[in-house]
Amino acid sequence: MDLSVKLPGLDMKNPILPASGCFGFGREFSNFYDLSKLGGITMKAATLHARYGNPTPRVAETASGMLNAIGLQNPGVAKIIQEEVPFLAQFDTKIMANIAGSTAEEYIEVAKSFNDTDDVHALELNISCPNVKEGGIQFGTDCMMAASITEQVKKASRHPVYVKLSPNVSNIGEMAKAVEAAGADGITMINTLTGMQIHLPSKRPLIANKTGGLSGPAIKPVAVRMIYEVKQQVNIPIIGMGGISTAEDVLEFLLAGASAVAVGTANFQNPCVCSEIIDELPQVLECYGFNSVQETIGKGIQ
Amino acid sequence: MIKKEFMEIISNKEIALDTFELVLKNKYVSQAAGPGQFLHISLPGHTLRRPISIASVDPDACTVTTIFKVIGSGTKALSFCKEGEMIDVLGPGGNGFSLENEAGSRILLVGGGIGVPPLYYLGKQLAAQGHKIVSVLGFQNKESVFYEERFKEFGEVHIATDNGSYGTKGFVTDVIGNIGEIDRYYTVGPIPMLRAVTEKLAGTPGYISLEERMGCGIGACYACVIPLKGEEHGYRKICSEGPVFEANEVAL
């Protein structure tokens, strides 16, 4: 069974990556399995300087999912390049760096920093984090702003740039077309849906940030629908994500139009989930009559 | 090292109001677990695992005993789990208590509510090393008190209840002023209690253990962080670098 997929900068042995923010920088998961098994790894978001993030509680459980508002905590791009990228580079897998910022200038500086390393193979432009006050999602809900920042980051970076789209918009197809026209090499979708949970004993929002991003199986149908729509409007590849926890889920995303997929929340339930999905994928593809991942992509679109 | 293991439920019984003692069998976890560590337990129908502290370990019987309080739907589901069932666990998690003390130390254990269990395993080990143990345990009311006899196995025990229905009326801090000189303390409980205890015992070296809502439980998701004292942007991850910290290390 041929599981390989070839995306800009990401020539991968299989279509499975852990999603940004759900895998740290891989160290913890390397205790559970060999990370060389993964098609690729998306690192936790990098900002120019170290960020502490939001107060706790930062997570809450919901029906078939969870809310999080971590707030892009990270040690800053320089430390990531110095300490985390070399760790990941020892594995035979592709590395995508997720970049974030409060201003366009910060995004550009972070993107430029990654020009110094050959061990990062693509950038994921995070314009869809719902949990930071400045930057993040404000770039991801306006077509003009999304296109402008994509163009500027493309100009600054020597790596292929994937733009991570927010589902918190009325027309995701327009967003996808805008970033494609601005030069994006690919799209990753979807980020989390903004949500809230009220804690009954305190009668207040449970998450300290009040709102958080909803992820997990609860958002899978939303992700599949949006990928199905976007696939028909752009010609650049899509890395799909949103509630994937089984090899069957992966096939569903591929059929909807994703060329590869990222697994997020499921890593918290089962730290071995990506490895197990990779093991099970050939059997699932065979069961539905496929001989390769390549031939499944977009097959669900009539 | 933390591993993903299946553990067999040996028993699961209510030992105080909404408080359950769950005994689990697994060779690896029982050999690897130390006092202060926790199990990250997966529950059917729940996205997030639940971190539950280890109350004692019997390496010969390959069992690990945990005690949890029913607070939400996850712990409620755990309370329904029956003998013979297998549960999916990441464990043992986190860094536990340091057992290094000067020989013959007088050691104070201060536990509040569901913070009491990890101190039992700790106290047993410290007593076995020849230290003198004094335990001050706080509960909401008489119905919530558990393990008093167990703690008496290795030392002096004082109980405080919020409403005075058992032991001293008031908080653990109302008791710890009257227990004399101590060389070190270990405390586990809600953050306001930890704050009060560390303030009251400022000047005495001590360790605290923290609780927080966790995501992954292995240090990857950054959900359960706590700021370091006096260091901007400094933090510790409670699940992987804690839950035990030196009393003056983190900002409560």
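This passage walks through a predicted model of two chains, starting with their interface and moving on to annotated sites and cysteines.

Chain A and chain B come together over about 2,500 Å² of buried area, and carbon and sulfur atoms account for 62% of it. On the chain B side, the residues that lose the most area to chain A are B:Thr47, B:Arg213 and B:Tyr222, which together make up 27% of what that side buries. Counted by residues, the contact draws 31 from chain A and 28 from chain B.

Polar groups also meet across this interface. Ten residue pairs are in polar contact between the two chains, with both partners at pLDDT 80 or more. As for salt bridges, the count between chain B and chain A is two. In a salt bridge, the side chain of B:Lys237 meets that of A:Glu28, with 3.5 Å from N to O. Several strands of chain B feed the side that touches chain A: β1 (3–16), β13 (225–227) and β14 (235–237) each supply at least two residues. The largest share, three residues, comes from β13(B).

Turning to the annotations on chain B, an unreviewed UniProt entry assigns residues 2–99 to "domain: FAD-binding FR-type". Strand makes up 50% of that stretch and helix 13%, and the C-alpha atoms at its two ends sit 20 Å apart. UniProt, again in an unreviewed entry, also lists a "binding site" made up of B:Arg50, B:Pro51, B:Ile52, B:Ser53, B:Gly74 and B:Thr75.

B:Arg50 ties this annotated site to the other chain. The residue sits in strand β4 (residues 50–58) of chain B, and at 18% relative accessibility B:Arg50 counts as buried, because the cut-off is under 20%. Its side chain makes a polar contact of 2.8 Å with the side chain of A:Glu61. Setting aside residues up to four places away in sequence, B:Arg50 touches A:Glu61 along with B:Leu39, B:His40, B:Ile41, B:Leu43, B:Ser73 and B:Gly74. One of these, B:Gly74, is itself on the "binding site" list from UniProt.

B:Ser53 is found in strand β4 of chain B as well. With residues up to four places away in sequence left out, the contacts of B:Ser53 are B:Gln37, B:Phe38, B:Thr66, B:Ile67, B:Ile114, B:Pro117 and B:Pro118.

The annotated B:Thr75 belongs to a helix, α2 (residues 73–79) of chain B. This threonine is buried too, with a relative accessible area of 12%. Its side chain picks up two backbone nitrogens: a polar side-chain atom of B:Thr75 lies 2.8 Å from that of B:Ile71, and the side chain reaches that of B:Gly72 at 3.1 Å. Once neighbours within four places in sequence are left aside, B:Thr75 is in contact with B:Phe68, B:Lys69 and B:Val70.

Further along chain B, B:Thr187 sits in strand β11 (residues 184–188). B:Thr187 is buried, and its relative accessible area is 0%. Not counting residues up to four places away in sequence, it touches B:Val110, B:Met193, B:Leu194, B:Val197, B:Tyr207, B:Ile208 and B:Ser209.

That leaves the cysteines. In an unreviewed entry, UniProt marks A:Cys129 as "active site". A:Cys129 falls in the loop between β8 (122–126) and α3 (137–140) of chain A. Despite the loop setting, A:Cys129 is buried, at 8% relative accessible area. A:Cys287, by contrast, is exposed, with a relative accessible area of 58%.

How many disulfides does the model hold over all chains? The count is zero. A disulfide is a covalent bond between the sulfur atoms of two cysteines. B:Cys239 shows how a cysteine pair can miss out: its closest cysteine sulfur, in B:Cys224, is 3.8 Å away, too far for a bond because the sulfur atoms would have to be within 2.5 Å. B:Cys239 is also buried, with a relative accessible area of 3%.

Technical notes:
Residues are numbered from 1 along each chain as its sequence is written. Chains are lettered from A and ligands numbered from 1 in the order in which they are written. This is a predicted model: local features need pLDDT of at least 70, side-chain atom pairs count only at pLDDT 80 or more; totals for chains, interfaces and linings use all residues. Side-chain values use heavy atoms; hydrogens and water are left out. UniProt positions are given in the numbering used here, feature names are shortened, and annotations may be inferred rather than shown by experiment. Helices (H or I, at least four residues) and strands (E, at least two) are DSSP runs, numbered from the N terminus. Buried means under 20% relative accessible area, exposed over 50%, partly exposed in between (1.4 Å probe, protein chains only). Contact means heavy atoms within 4.5 Å. Buried area is the accessible area (1.4 Å probe) that two parts lose on being put together, summed over both. A salt bridge is a side-chain nitrogen of Lys or Arg within 4 Å of a carboxyl oxygen of Asp or Glu. A polar contact is a pair of N or O atoms within 3.5 Å; within protein, one must be able to donate a hydrogen and the other to accept it, and residues adjacent in sequence count only if both atoms are side-chain atoms.
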